[in-house]
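Here is a friendly walk through the spaces in one protein and the ligand it holds. Have a look at the structure before reading on.

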Amino acid sequence: MKASSFYHGGNVYAKAKKLNLHPSEIIDSSASLIPFKPPQIVIDSLSSEIKDLGFTYYPERGLSDLKEIIGQFHEINPENILPGNGASELITWAGYEASKFGTSCIPSPGFIDYERSLACWNCNVIFSELPKDWSNTFPQAFPLQPVSEVIWITNPHNPTGQLWKKKSLEPILKKCKLVICDESFLEITPNGEKESLVPLTKTYDNLLVLRSLTKIFNIPGLRLGYIIGSSKKIKQWDIKRDPWPLNSFAIKVGIDLLSNKAFYKKWTKKIHNWINTEQKLVFYELSKVKNLKVHNSSTNFFLIESESSLSPNINYLENKGILIRECSSFKFLNEKWARISLQSNKNNKILCREIQNSFKK
Ligand SMILES: Cc1ncc(COP(=O)(O)O)c(C=O)c1O
């Protein structure tokens with residue numbers, strides 16, 4: 001498979017160049033980020049690192065301070081934690097682990113990066129189709145039975161925005177040799193954290209839980225995530241990976257962000273309020289469009305489904321500097337589907353107006 005097959009949203013730089021715009025002039029609803037500037041802690045942390053040690057030393061290889069802070073944050077032994085260059089780097093290592101057990105199942109449509117990771121390690125994959133319609137009550141029971149040794153779960157699920165009930169995931173841990181649960185969007189999802197499998201890593205050695213700081217703090221450019229699971233597995237990857245996958249700045253920011261729980265609580269509350277408010281507005285506006293179905297979601301992104309191809313609408317929006325995620329690269333979806341992520345109130349109004357206009361063409 002070609003690298004270009006693993007299509008992601010968020011191609012702001014390329015689109016801005018094409019439209020002769022600055023990236024900040026684009027409304028990027030194709031990557032599911034929050035519309036808030038990163039917290040001041042990030043800026044303060046970076047400035048102090050530049051002034052202090054910054055560029056002149058290699059980063060600390062053992063990542064011990066960062067592991068310690070993440071451990072305190074989740075009440076997990078630091079030995080069971082491995083920070084990475086975004087969740088994406090750790091998805092590659094989770095794929096390495098998966099390759100030891102046999103076939104991997106990716107509930108689909110699903111996040112494209114799992115397939116990339118499995119292709120790196122020549123792993124067998126099956127794609128199990130998720131139902132195409134779901135209720136507006138979250139969390140929901142996970143609808144698939146495991147049919148292979150390894151399963152990749154995304155909670156909440158990308159691209160559908162469904163939040164899976166923890167209780168419905170636990171039986172899968174008893175059936176599969178390895179369960180990889182990607183919780184990259186869980187903190188930002190209202191009532192999401194209760195469904196986290198992180199506490200179960202203490203009981204199940206076959207569970208790996210991925211977390212990302214990208215979404216919650218709007219720092220996709222910094223690259224910072226971590227995985228929680230069996231210390232034996234994690235140690236094996238640690239020996240094989242690059243010597244310095246995280247730079248000194250990401251390490252320092254991670255430590256400063258996660259060591260302040262009061263701030264974290266306040267910050268996530270702000271995000272949950274934003275999702276609850278803006279989702280109502282956007283769903284209401286888009287539901288007015290004839291022949292367009294707006295699918296329910298627990299989080300900051302959702303799917304729309306049209307009776308005909310959305311390609312003309314996507315082109316129309318692109319020319320207005322608005323990006324939404326076309327879905328033909330997702331298994332079991334096609335050009336009639338698109339994923340949209342919530343924006344600021346001002347940009348949501350523009351987004352909805354232009355989507356409505358695109359259907360009048
Ligand atoms: C489900 C899911 N997991 C992981 C990632 C990657 O996160 P990171 O920026 O931490 O590499 C994404 C990015 O879009 C995602 O959608």
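The questions below turn first to the ligand, then to a pocket and the cavities.

Reader: Before we start, what kind of model is this?

Author: Residues are numbered from 1 along each chain as its sequence is written, and side-chain values use heavy atoms, with hydrogens and water left out. Local features need pLDDT of at least 70, side-chain atom pairs count only at pLDDT 80 or more, and totals for chains, interfaces and linings use all residues, as this is a predicted model.

Reader: How many residues surround the ligand?

Author: A residue counts here if one of its heavy atoms lies within 4 Å of the ligand. Ala-87, Ser-88, Asp-182, Ser-212 and Arg-223 are the closest. The number of residues around the ligand is 14.

Reader: Which helix gives the most to the shell around the ligand?

Author: Helices are DSSP runs (H or I, at least four residues), numbered from the N terminus. Helix H4 (86-98) and helix H7 (214-217) each supply at least two residues of the shell. With 3 residues, the one that gives the most is H4.

Reader: How much of the ligand does the protein bury?

Author: Let's begin with polar contacts, pairs of N or O atoms within 3.5 Å. A ligand oxygen is 2.5 Å from an N or O atom in the side chain of Ser-88, and an oxygen atom of the ligand is 2.6 Å from one in the side chain of Arg-223. Taken alone, the ligand exposes 390 Å² (Shrake-Rupley method, 1.4 Å probe). Of that area, the protein buries 90%.

Reader: Which helix gives the most to the lining of the second largest pocket?

Author: On a 1 Å grid over the protein atoms alone, a pocket is an open set of points with protein on both sides within 12 Å along at least five of seven lines, and lining residues have an atom within 4 Å of a point. This pocket has 19 lining residues, with Phe-73, His-74, Glu-193, Lys-261 and Tyr-264 nearest its centre. Helix H3 (64-74) and helix H10 (261-287) each supply at least two of the lining residues. The most, 6 residues, come from H10.

Reader: What is the volume of the largest cavity?

Author: A cavity is a set of grid points where a 1.4 Å probe fits but cannot get out, and a volume is the space filled by probe spheres set on the points. The whole structure has 2 cavities of 30 Å³ or more. Among the residues lining the largest cavity are Ile-106, Phe-111 and Lys-331. Its volume is about 60 Å³.

Terms used:
A polar contact is a pair of N or O atoms within 3.5 Å; within protein, one must be able to donate a hydrogen and the other to accept it, and residues adjacent in sequence count only if both atoms are side-chain atoms.
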